[in-house]
Amino acid sequence: MNYIEAVFLCNPHSEIITEVLSAELAEIGFESFVDTERGSTAYIQESLYSKDAIDAVLENFPLESKITYTTSLIEGKDWNEEWEKNYFKPLIIDDKCIIQSTFHNEPASYEYNIYIDPKMAFGTGHHQTTELMIREILDVDFTGKSVLDMGCGTAILGILASMRGADPILAIDIDEWAYDNAKENLDLNKISNIDVQIGGADLLTGDKTFDVILANINRNILLNDIHVYASVLNPEGILFMSGFYTEDIPALTEECNKHGLSLIHSNNKDNWANVKFIKKGLV
């Protein structure tokens, strides 16, 4: 799958301007953001890209800043060299979990050692939302629990859930690159109990149900698919979601409440948020 990279320059530039810009862009399908010294670089699937939609966001931008942008096509490719040179450094979380690639030389001396060789631009664990989800997984007993990793990307969340005792696990992503990369990362980590499939929420037909659902996607897709997640979540089942901002929590909570899910807690980092829901009346 090809992506469009959009480089935004903001004048003046500030953290709040970048946060608001990212939130506005997420509304029109952008799914990953890298802060820069003068603005933000954002990525969107080529099929979802619309110049008119970006121009409308900038025309109605609520803060005082002159924002310009340029775009370029990023063809699907092996991202190992790109990440090794520019972004992907070993990530250690709470001295319990290390995420690294095969080109790193960190000792495998942590409780959970995860190897990720990314064939896509996203999903290495370095984004705030992925880190938030990893911390949730480290805090929950997954022993014997059936898990859905929705929008799995590199399958990093499913891999950690498996290491924490989850079984069986279904990992789903619409991106063929993600599917291929997830399969390779399962082999790297010697994980054999994760079934990876290509598709979206339409694959969740009710023939399989889950004790835990992990969905790190984006606000609009989550809002659209919460009713499906609720339908395949077992009694007392837990739904973890991320990929959105703190100001999106009320809308997600309202939709979850419609489908029998109650908010347990939320966490945030740099205004990115994650939430934990459970079946209503079973808290």
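Reading backbone features in a predicted model

User: In this predicted model, is Ala155 buried or exposed?

Analyst: Ala155 is buried, with a relative accessible area of 1%. Ala155 lies in the loop between β8 (147-150) and α5.

User: What is notable about the phi of Ala155?

Analyst: Most residues other than glycine have a negative phi. The phi of Ala155, by contrast, is positive, near 75 degrees.

User: Which value does phi take at Lys190, and how accessible is Lys190?

Analyst: Lys190 is not a glycine, yet its phi is positive, at about 55 degrees. Lys190 counts as exposed, because its relative accessibility is 75% and the cut-off for exposed is over 50%. This residue is in the loop between α6 (176-188) and β10 (194-198).

User: How should peptide bonds be read, and where is Pro12 found?

Analyst: Most peptide bonds are trans. The bond from Asn11 to Pro12 is cis, with omega near 0 degrees, and Pro12 is in the loop between β1 and α1 (15-27). Asp167 and Pro168 are also joined by a cis peptide bond, with omega about -5 degrees. Pro168 is placed in the loop between α5 (156-163) and β9 (169-173).

User: What is the strand order in the open sheet of four strands?

Analyst: The order is β2-β3-β1-β4, with antiparallel pairing. β2 (32-35) and β4 (66-74) each have a single partner strand, so one side of each lacks a neighbour in the sheet. On average, neighbouring strands are turned by 20 degrees against each other, direction ignored.

User: How many bridges join β2 to β3?

Analyst: Four bridges join β2 to β3 (residues 39-45). Val34 has Thr41 as its bridge partner in β3.

Notes:
Residues are numbered from 1 along each chain as its sequence is written. This is a predicted model: local features need pLDDT of at least 70, side-chain atom pairs count only at pLDDT 80 or more; totals for chains, interfaces and linings use all residues. Side-chain values use heavy atoms; hydrogens and water are left out. Two strands pair if DSSP finds at least two bridges between them. Helices (H or I, at least four residues) and strands (E, at least two) are DSSP runs, numbered from the N terminus. Axes are lines fitted to C-alpha atoms, for helices over the stretch in contact, and angles run from 0 to 180 degrees between N-to-C directions. Buried means under 20% relative accessible area, exposed over 50%, partly exposed in between (1.4 Å probe, protein chains only).
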